[in-house]
Amino acid sequence: MAKTWNYKTPGLPSELFNQNELVPGPTKEEVRVLTISKARLSEGFTVIDVGCGTGGLTVEAALQVAPKGKVYAIDEDEAAITLTKSNIQKFEVENIVSLSKGKAPEALLKLPSAEAILIGGGGASLRTIIQTAHYKLKSNGRIVINAILLETATTAIAELKAFGYKDIDVAQVSMAKGKQINSGGTMMVARNPITIISATKP
Ligand code: SAH
């Protein structure tokens, strides 16, 4: 059987992922490209994905760290776990991903330390999630937080500064995608901006 994705470059087309209305994601493909790039992944790395949703970032990270690396994906929502499971099967990364239902920050405590931690969910617990992630991240490891809300972004920046993180980078992506309209023209349709905050653990 042909593989669903045969390329090394990130940014899997969103329509390839199994999706449903109960679960957010996948993170838009252009945002995934930047997120994975900011995480600075290599073959063999261990990655933690906090709030895996549809599994968009989980699958992207797994393809980067394969065949020897590991991605620990957690989500507090059962529907997200089921959907991510179907996507890790679709992209044939079941051996790389360890999926578990649990709420961060508590669920993070059980996981091994990692070279990179991706945070895509957290809401009111974001501050304590970053604090726990800090203890799970190896020295020189990378943390990447995708924020839809301004409050998430400012909390993340303040926490990373408080822990003395290096190279704190804040990038805001305002994406517009072309949509074919009846006249035959291409109309650009704006998407909500996403703030990607990344940094290196000292
Ligand atoms: N990056 C994902 C989309 C993430 S949506 C993708 O590409 O598919 C954010 C997810 O975070 C949701 O599924 C939500 O259930 C989860 N989430 C939010 N707060 C959480 C917490 N404290 N612990 C675990 N999961 C959480």
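**Exercises on a ligand-bound model**

E92 counts as partly exposed because its relative accessibility is 37%, where buried means under 20% relative accessible area, exposed over 50% and partly exposed in between, with a 1.4 Å probe and protein chains only. The model is predicted, so local features need pLDDT of at least 70 and side-chain atom pairs count only at pLDDT 80 or more, while totals for chains, interfaces and linings use all residues. Residues are numbered from 1 along each chain as its sequence is written, and side-chain values use heavy atoms, with hydrogens and water left out.

**Exercise 1.** Describe the surroundings of the ligand, beginning with the residues that come nearest.

*Solution.* Start with the shell, in which a residue is near a molecule or strand if one of its heavy atoms lies within 4 Å of it. There are 21 residues around the ligand, and T27, T54, G56, D75 and A104 come nearest. Next, sort the shell by residue type: six are nonpolar, eleven polar and four charged, with Ala, Val, Leu, Ile, Met, Phe, Trp, Tyr, Cys and Pro taken as nonpolar, Asp, Glu, Lys and Arg as charged, and the others, Gly among them, as polar.

Then look at the individual atom pairs. The side chain of D75 places an N or O atom 2.7 Å from an oxygen atom of the ligand, whereas T27 has a backbone N or O atom 2.9 Å from a ligand oxygen, and a polar backbone atom of E76 is 3.3 Å from a nitrogen atom of the ligand. Finally, of the 590 Å² that the ligand exposes when taken alone, the protein buries 89%; these areas come from the Shrake-Rupley method with a 1.4 Å probe, and for residues only the protein chains shown count as cover.

**Exercise 2.** Place N146 in its strand and find which side chain makes a polar contact with the side chain of N146.

*Solution.* N146 belongs to strand β5, residues 137-147; helices (H or I, at least four residues) and strands (E, at least two) are DSSP runs, numbered from the N terminus. N146 is buried because its relative accessibility is 12%. Its side chain makes a polar contact of 3.1 Å with the side chain of T35, a polar contact being a pair of N or O atoms within 3.5 Å; within protein, one must be able to donate a hydrogen and the other to accept it, and residues adjacent in sequence count only if both atoms are side-chain atoms. Strand β5 also holds N140, which has a positive phi of about 70° although it is not a glycine.

**Exercise 3.** Which residues touch the most other members of the largest nonpolar core, and which helix gives the most to this core?

*Solution.* A nonpolar core is a set of buried Ala, Val, Leu, Ile, Met, Phe, Trp, Tyr and Cys residues joined through side-chain atoms within 4.5 Å. The largest one has 28 residues, of which L41, V47 and V71 touch the most other members. The elements giving two or more residues to this core include α1 (29-39), β2 (70-75) and β9 (194-200), but α2 gives the most, with five residues.

**Exercise 4.** Locate the cis peptide bonds at P26 and P105.

*Solution.* The bond from G25 to P26 is cis, with omega near 0°, and P26 lies in the segment before α1. A104 and P105 are likewise joined by a cis peptide bond, with omega about 5°, and P105 is in the loop between β3 (97-101) and β4.
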